[in-house]
Amino acid sequence: MGLRRRLIRFVFTAIHGLRRLMWAVTGPGRDGVHAVPLTGLGRVVLVRLTYAPGWRLPGGGRKSGEAPIDAVLRELKEEIGLLAHGEIERLEDVRPGSGLAGDRSALFLIRGVDYRARRSLEIDEVGEFDLERLPADTAAWTLQVLAALGGLRPPSAG
């Protein structure tokens with residue numbers, strides 16, 4: 001990793017830490033969204049953030065008045081470069097393991113995801129993985145969500 005990427009990671013990690021502290025002090029967390037994006041071959045698309053370790057489900061905060069479905073599609077466009085998708089299913093809302101009281105997230109399963117991976121100041125890397133062979137450094141909360149959805153399988157051929 002080059003000096004520029006290390007500097008970006010340091011700055012965004014510090015900003016993220018300050019945001020978490022502010023949320024803990026100012027009261028309940030904010031509404032957010034997360035996606036379990038699956039490609040047509042049933043592979044899950046995960047992101048590596050510049051400010052947090054491990055591979056994670058894409059997602060983020062909702063803007064004021066933004067519908068959850070609109071927020072998750074916006075986040076996928078921003079984070080993985082979403083181009084198209086198939087069926088969207090809203091799953092049970094979750095708490096993304098932030099440790100912040102009240103922090104909650106609408107969770108969506110999105111099938112048939114077509115994307116063009118891109119890096120940004122927030123996203124260090126985008127990757128797709130077989131559900132049975134996730135990277136060793138996949139974030140614990142991401143593993144918990146995917147385990148709870150254990151019935152996910154790639155579409156059968158033919």
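**View 1. Thr142 is buried in the predicted model.** Thr142 has a relative accessible area of 1% and is therefore counted as buried, for which the limit is under 20%. This residue belongs to helix α3, which covers residues 140–148. Residues up to four places away in sequence aside, Thr142 touches Leu46, Trp55, Arg56 and Leu57. The structure shown here and in the other views is a predicted model.

**View 2. Leu146 is another buried residue of helix α3.** Its relative accessible area is 7%. When residues up to four places away in sequence are not counted, Leu146 touches Val36, Val44, Leu57, Leu131 and Leu134. One of these, Leu131, is 15 residues from Leu146 in sequence, and the two C-alpha atoms are 8.0 Å apart in space.

**View 3. The whole chain contains three helices and nine strands.** Read from the N terminus, the order of elements is α-β-β-β-β-α-β-β-β-β-β-α. The chain has 158 residues, and 45% of them count as buried. Among contacts with a separation of 6 or more, 71% are between residues 24 or more positions apart. The chain exposes about 8,700 Å², and carbon and sulfur atoms supply 57% of that area.

**View 4. The largest nonpolar core has 20 residues.** Within this core, the residues with the most contacts are Val72, Ile80, Ile110 and Val126. At least two core residues come from each of β1 (31–37), β2 (44–49), α2 (68–80), β7 (104–110) and β9 (123–129). Helix α2 gives the most, with five residues. A second, separate core has 16 residues, including Val36, Leu91, Leu107 and Val145. In soluble globular proteins, nonpolar side chains tend to be buried together.

**View 5. Ile80 is one of the residues with the most contacts inside the largest core.** What is Ile80 in contact with, once its neighbours within four places in sequence are left aside? The list is Val45, Val47, Pro58, Glu75, Val113, Tyr115, Arg116, Ala117, Arg118 and Val126. Ile80 is also among the buried residues of α2. Just after this helix, Gly81 takes a positive phi of about 75 degrees.

**View 6. Helix α2 lies across four strands, β1, β4, β6 and β7.** The helix runs at about 60 degrees to β1. It has 13 residues, and the distance from its first C-alpha to its last is 18 Å. That is close to the 18 Å expected at 1.5 Å a residue. The buried residues of α2 are Pro68, Ala71, Val72, Leu73, Arg74, Glu75, Leu76, Glu79 and Ile80.

**View 7. Four strands form an open sheet in the order β4-β1-β7-β6.** The pairing in this sheet is mixed. Which strands stand at the edges? They are β4 (59–61) and β6 (88–90); each has a single partner strand, so one side of each is left without a neighbour in the sheet. Direction ignored, neighbouring strands are turned by 20 degrees against each other on average. Strands of a sheet pair through backbone hydrogen bonds, either parallel or antiparallel.

**View 8. Strand β7 pairs with β1 and with β6.** β1 and β7 run parallel and are joined by seven bridges. Among the bridge partners in β7 are Arg104, which pairs with Asp31, and Ser105, which pairs with Gly32. On the other hand, β6 and β7 run antiparallel and are joined by three bridges. Here Arg90 has Phe108 of β7 as its bridge partner. Strand β7 is mostly covered, with six of its seven residues buried.

**View 9. Strands β2 and β9 run antiparallel.** Six bridges join the two strands. Val47 has Val126 of β9 as its bridge partner. Both Val47 and Val126 are in contact with Ile80, and Val126 is among the residues with the most contacts inside the largest core. Is β9 mostly enclosed or left open by the rest of the structure? Five of its seven residues are buried, so β9 is largely enclosed.

How values were computed: Residues are numbered from 1 along each chain as its sequence is written. This is a predicted model: local features need pLDDT of at least 70, side-chain atom pairs count only at pLDDT 80 or more; totals for chains, interfaces and linings use all residues. Side-chain values use heavy atoms; hydrogens and water are left out. A nonpolar core is a set of buried Ala, Val, Leu, Ile, Met, Phe, Trp, Tyr and Cys residues joined through side-chain atoms within 4.5 Å. Buried means under 20% relative accessible area, exposed over 50%, partly exposed in between (1.4 Å probe, protein chains only). Contact means heavy atoms within 4.5 Å. The expected span of a helix is 1.5 Å times one less than its number of residues. Two strands pair if DSSP finds at least two bridges between them. Axes are lines fitted to C-alpha atoms, for helices over the stretch in contact, and angles run from 0 to 180 degrees between N-to-C directions. Accessible areas come from the Shrake-Rupley method with a 1.4 Å probe; for residues, only the protein chains shown count as cover.
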